[in-house]
Amino acid sequence: MKRKLQWIVLIMLCVFALNTVYAGGQKEKSADKDLNFVIVTKGVHPWYDPCGEGFADAAAEIGGIKTRYTRAVEWTGEAQAKIVENLIAEGVDGIALAVIDAGALAPLINEAMSRGIPVMTFDDTAMDSEQIIFVGTDNYTAGVIEGHEIAKMTN
């Protein structure tokens, strides 16, 4: 399941970057330049390591894509916002972001999008932003389903 999500994240970034950004004329893609995508998780934790690994593996299989996996040492919106600010300044081609604090990240997501850098969120989102898509679980509904299943199993 994790591998499938990683492929979905990377492919969506590729499709949106190529169709939305380059077709829209906001950036000029060089035929000899790899796309540069970055995945930003909530923080340093082994749970997220497969995200970075799968992201890189999928890019290698597709080709023409450089990836980077980064995360804040401090699990705060401010720390994550600083990373995103730096990525915008760097002019990366796309960002996949597991949002820690929607209030801190929504303005930066909007800024990235306005500069032609597509941002998709996963795991957690900033619904009031201009993100291109959110990929994740509706945890409330998942909890309801799990609760019903546990109730059945334990009578």
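Strand 4 and strand 5 run parallel and are joined by 3 bridges. Within that pairing, T121 stands opposite F134 of strand 5. I should say at once that this is a predicted model, and every value I quote is to be taken in that light.

Let me stay with strand 4 for a moment. Both of its faces are covered. V119 and T121 lie on one side, M120 and F122 lie on the other, and all of these residues are buried. On its other pairing, strand 4 runs parallel to strand 3, and 3 bridges hold that pair. Two residue matches place this pairing for you on the screen: I95 stands opposite V119, and L97 has T121 as its bridge partner in strand 4. T121 therefore deserves a second look in the viewer, as it is matched with L97 of strand 3 and with F134 of strand 5. We come now to strand 3. G94 and A96 point one way from this strand, I95 and L97 point the other way, and all of them are buried. Strand 3 also pairs with strand 1, in the parallel sense, over 4 bridges; strand 1 covers residues 35-41 and strand 3 covers residues 94-97. Here F37 has G94 as its bridge partner, while V40 stands opposite L97.

With these pairings in place, we may consider the sheet as a whole. It is an open sheet of 5 strands, paired in parallel, and the strand order is 2-1-3-4-5. Which strands form the edges? They are strand 2, residues 65-71, and strand 5, residues 133-135, each of which pairs on one side only. From one strand to the next, the twist averages 20°.

Next, the helices that lie against this sheet. Helix 3, residues 77-90, lies across strand 1, strand 2 and strand 3, and runs at about 175° to strand 1. Helix 4, residues 102-114, also packs on the sheet, where it touches strand 3 and strand 4. The direction of helix 4 makes about 145° with that of strand 4, which spans residues 119-122. Taken together, strand 3, helix 4 and strand 4 make a right-handed β-α-β unit.

One residue of helix 4 merits separate mention, namely P107. Is P107 buried, exposed or partly exposed? Its relative accessible area is 49%, so P107 counts as partly exposed, given that the exposed class begins over 50%. P107 can also be located relative to A81: the two are 26 residues apart in sequence, and their C-alpha atoms are 9.5 Å apart in space.

I shall finish with the chain as a whole. Its secondary structure comes to 5 helices and 5 strands. Read from the N terminus, the elements follow the order α-β-α-β-α-β-α-β-β-α. The chain has 155 residues, and buried residues make up 39% of them. As for contacts between residues at least 6 apart in sequence, 64% join residues that are at least 24 apart. Finally, the chain exposes about 8500 Å², of which carbon and sulfur atoms supply 56%.

How values were computed
Residues are numbered from 1 along each chain as its sequence is written. This is a predicted model: local features need pLDDT of at least 70, side-chain atom pairs count only at pLDDT 80 or more; totals for chains, interfaces and linings use all residues. Side-chain values use heavy atoms; hydrogens and water are left out. Two strands pair if DSSP finds at least two bridges between them. Axes are lines fitted to C-alpha atoms, for helices over the stretch in contact, and angles run from 0 to 180 degrees between N-to-C directions. Contact means heavy atoms within 4.5 Å. Buried means under 20% relative accessible area, exposed over 50%, partly exposed in between (1.4 Å probe, protein chains only). Accessible areas come from the Shrake-Rupley method with a 1.4 Å probe; for residues, only the protein chains shown count as cover. A crossover is right-handed if, with the strands pointing away from the viewer, the path from the first strand over the helix to the second runs clockwise.
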